[in-house]
Amino acid sequence: MLKARYARAALGIAFILSASACVTLPPNSQRVPQDPWESWNRGVYKVNDKLDRAVLKPVAKGYVRVVPSPIRTGVTNFFANLNMTTVMFNDALQGKLLAAGTDLGRFLLNSTVGIGGILDPATPAGLAHNNNDFGVTLGHWGVHPGPFLELPLLGPSDVRDGLSEVVDTYTNPRQYIHNNYVRYGLFVPYFLDVRASLLSLDETLKNVYDPYAFIRDAYLQRRAYLVSDGKSTPEEPLVDPGEDMPDSKATPPALPPASPSPPTAPPAPAQPKTEPTPPPASAQPTGDTPSGGG
């Protein structure tokens with residue numbers, strides 16, 4: 001209980017710092033309909049970025065430098081195996097029974113032969129690794145994602161996915177560990193493993209003009225891809241579907257004004273009418289009469 005109070009206090013402090021860190025938008029920035037709280041979100045991102053540069057990134061670099069690669073792979077496999085119960089649960093909710101059965105077989109094989117998920121014999125056995133959560137399930141059920149939301153400490157999300165994190169917490173076996181030291185202690189290696197897996201993207205963010213917009217758009221596109229089962233492509237614009245449909249109906253009236261532009265081409269042939277070359281030809285006979293008179 002004491003650790004839970006400390007965790008709530010830390011989150012409360014993070015929210016207060018984030019709320020007081022609202023920033024002005026950069027010049028010439030395009031407003032995205034899915035990010036109406038952009039000023040506040042950028043403030044939270046600024047705080048998260050400072051915490052990451054000061055604490056998380058240096059620790060993650062030290063973790064990669066000190067811990068051998070096979071051990072780090074085992075940590076990644078362990079937490080991925082723990083998350084399979086959440087994946088199975090949401091596969092079933094979405095009616096994907098075949099995927100749920102595959103994920104169940106993967107969980108059982110890795111938990112037993114794979115020594116609690118540290119090893120991954122399920123992948124060589126041909127059992128695919130699926131990615132699913134309750135936010136994707138709500139998207140399949142037609143729940144709108146709502147505005148984009150930058151969460152303190154947790155990073156990019158949206159209203160739908162942020163609320164679904166509560167359900168995902170209770171479908172993870174980590175929640176049912178009675179020893180609080182073990183349960184909360186697992187968060188440290190988990191976040192460390194996640195941050196270490198993102199170190200390769202740091203160089204990309206250095207070359208991006210607006211890292212916040214880059215991360216936001218990448219998150220929204222990936223979530224749309226997962227909800228649509230891969231039918232959504234990154235080339236599709238990030239607009240609110242509810243607002244985009246009326247605009248698409250309003251565009252056809254703008255087409256008729258463009259149709260009069262072809263008739264403007266015929267006046268160009270009318271220009272040759274200004275050749276008064278025949279009258280000079282008629283003036284030639286008048287020139288003959290004087291010569292005949294001579």
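**Figure 1. Asn90 sits in helix 4, residues 84-93.** The model shown here and in the other views is predicted. Asn90 is buried, at 0% relative accessibility. With its neighbours within four places in sequence left aside, Asn90 contacts Asn132, Asp133, Phe134, Thr137 and Asp168. One of these partners, Asp168, is 78 residues from Asn90 in sequence, and the C-alpha atoms of the two residues are 9.3 Å apart.

**Figure 2. Asn77 in helix 3 and its contacts beyond the local sequence.** Helix 3 runs over residues 69-82 and includes Asn77. When neighbours within four places in sequence are not considered, Asn77 is in contact with Gly117, Ile118, Leu119 and Asp120. For Asn77 and Ile118, the separation along the chain is 41 residues, while their C-alpha atoms lie 5.3 Å from each other.

**Figure 3. Helix 11, residues 211-227, and what covers its buried residues.** Helix 11 has 17 residues, and at 1.5 Å a residue it should span 24 Å. Its end C-alpha atoms are 24 Å apart, so the expected and modelled spans agree. The buried residues of this helix are Tyr212, Ala213, Arg216, Tyr219, Leu220, Arg223, Leu226 and Val227. Their cover includes three helices, namely helix 2 (38-66), helix 6 (134-140) and helix 7 (159-170). Strand 1 (148-151) and strand 2 (155-158) are also among the elements that cover them. After helix 11 comes Asp229, which has a positive phi, near 55°.

**Figure 4. The packing of helix 2 against helix 11.** The axes of the two helices are 11 Å apart and meet at an angle of about 105°. Angles of 65 to 115 degrees count as roughly perpendicular, and helix 2 and helix 11 are therefore described in that way. Helix 2 contributes Glu38, Asn41, Arg42 and Tyr45 to the contact. From helix 11 the contact takes in Pro211, Tyr212, Ala213, Ile215 and Arg216. By type, the residues of this contact are five nonpolar, three charged and one polar. Tyr212, Ala213 and Arg216 also appear among the buried residues of helix 11.

**Figure 5. Ile115 and Leu153, two loop residues with positive phi.** Most residues other than glycine have a negative phi. Ile115, which is not a glycine, has a positive phi of about 55°. Ile115 belongs to the loop between helix 5 (97-112) and helix 6. With a relative accessible area of 55%, Ile115 is exposed, since the exposed class begins over 50%. Leu153 also has a positive phi, near 70°, and is found in the loop between strand 1 and strand 2. The relative accessible area of Leu153 is 47%, so Leu153 is classed as partly exposed.

**Figure 6. The whole protein chain, for orientation among the close-up views.** The chain holds 13 helices and two strands. Of its 294 residues, 29% are buried. The accessible surface comes to about 18500 Å², and carbon and sulfur atoms account for 67% of that area. Among contacts between residues at least 6 apart in sequence, 64% link residues that are at least 24 apart.

Key
Residues numbered from 1 in each chain as written. Predicted model: local features only at pLDDT ≥ 70, side-chain atom pairs only at ≥ 80, totals over all residues. Heavy atoms only, no water. Helix = DSSP H or I, 4+ residues; strand = E, 2+ residues; numbered from the N terminus. Buried < 20%, exposed > 50% of the residue type's maximum accessible area, 1.4 Å probe, protein only. Contact = heavy atoms within 4.5 Å. Areas by Shrake-Rupley, 256 points an atom, 1.4 Å probe, with all protein chains shown as cover. Expected span 1.5 Å × (residues − 1). Axes fitted to C-alpha atoms, helices over the stretch in contact; angles between N-to-C directions. Parallel < 35°, antiparallel > 145°, perpendicular 65-115°, else oblique. Nonpolar A, V, L, I, M, F, W, Y, C, P; charged D, E, K, R; others polar.
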